[in-house]
Amino acid sequence: NVQLALIEATITNSGDPIANAQLSLIVSVDGVEVERFAINQSLALPSGETTISERYLPLTGWTSGEWTFELLLESVGADGVATVIDRHVFDEVITIP
């Protein structure tokens, strides 16, 4: 039985610091997006590495299917517009019969 998914990642910023970023977890079951979970909506990214660790539990509970996960990193401008900086699809899949 799956209790939770532990999402761990290291973000490497090789450019200038980013004052206002947001990090979201996109969760799909059988290839269909079921949830966009905000990990951090006001994330400062200095130059170098930032480590992220977050527990994830689905709002509706774990259902049967193939669960996949993707991180979406966006920079948020002064006008509130979010621009995608990077996406990462995790290789790990949770399969629930």
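Start by selecting F37, which is partly exposed, with a relative accessible area of 22%. The value lies just outside the buried class because buried means under 20%. The model on screen is a predicted one.

Next, add Y56 to the selection and show both side chains. F37 and Y56 form an edge-to-face aromatic pair, with 5.6 Å from centre to centre and 70° between the planes. Colour the strands to see where the two partners sit: F37 belongs to strand β3 (residues 32–45) and Y56 to strand β4 (residues 48–56). The pair links distant parts of the chain, its members being 19 residues apart.

Stay on Y56. Is Y56 buried or exposed? Its relative accessibility is 0%, so Y56 counts as buried.

Keep Y56 selected and add F69. The ring centres of Y56 and F69 are 6.1 Å apart and the planes stand at 70°, so this pair is edge-to-face too. Y56 is in strand β4 and F69 in strand β5 (residues 65–76), so the contact ties together parts that are 13 residues apart in sequence. F69 has 5% relative accessibility and therefore counts as buried.

Now widen the view by selecting W62 and W67 as well. Together with F37, Y56 and F69, these two residues make up one aromatic cluster. Across the whole structure, a search finds 4 aromatic pairs; the pairs F37 with Y56 and Y56 with F69 are among them.

Clear the selection and turn to charged side chains. How many salt bridges does a search of the whole structure find? The search finds 2.

For one of them, select E70 and R87. Their side chains meet in a salt bridge, at 2.6 Å from N to O. E70 lies in strand β5 and R87 in strand β6 (residues 82–89), so the bridge ties together parts that are 17 residues apart in sequence. The two ends fall into separate classes of accessibility: E70 counts as buried at 15%, whereas R87 counts as partly exposed at 45%. Strand β5 is already familiar from the aromatic stop, where it held F69.

For the other, select R36 and E33. The side chains of R36 and E33 form a salt bridge with an N to O distance of 3.4 Å. R36 is partly exposed, with a relative accessible area of 47%. E33 counts as partly exposed as well, at 42% relative accessibility.

To finish, show the aromatic cluster of F37, Y56, W62, W67 and F69 along with the salt bridges E70 to R87 and R36 to E33.

Conventions: Residues are numbered from 1 along each chain as its sequence is written. This is a predicted model: local features need pLDDT of at least 70, side-chain atom pairs count only at pLDDT 80 or more; totals for chains, interfaces and linings use all residues. Side-chain values use heavy atoms; hydrogens and water are left out. Rings of Phe, Tyr and Trp (its six-membered ring) pair if their centres lie within 6.5 Å; planes under 30 degrees apart count as stacked, over 60 as edge-to-face and the rest as tilted. Helices (H or I, at least four residues) and strands (E, at least two) are DSSP runs, numbered from the N terminus. Buried means under 20% relative accessible area, exposed over 50%, partly exposed in between (1.4 Å probe, protein chains only). A salt bridge is a side-chain nitrogen of Lys or Arg within 4 Å of a carboxyl oxygen of Asp or Glu.
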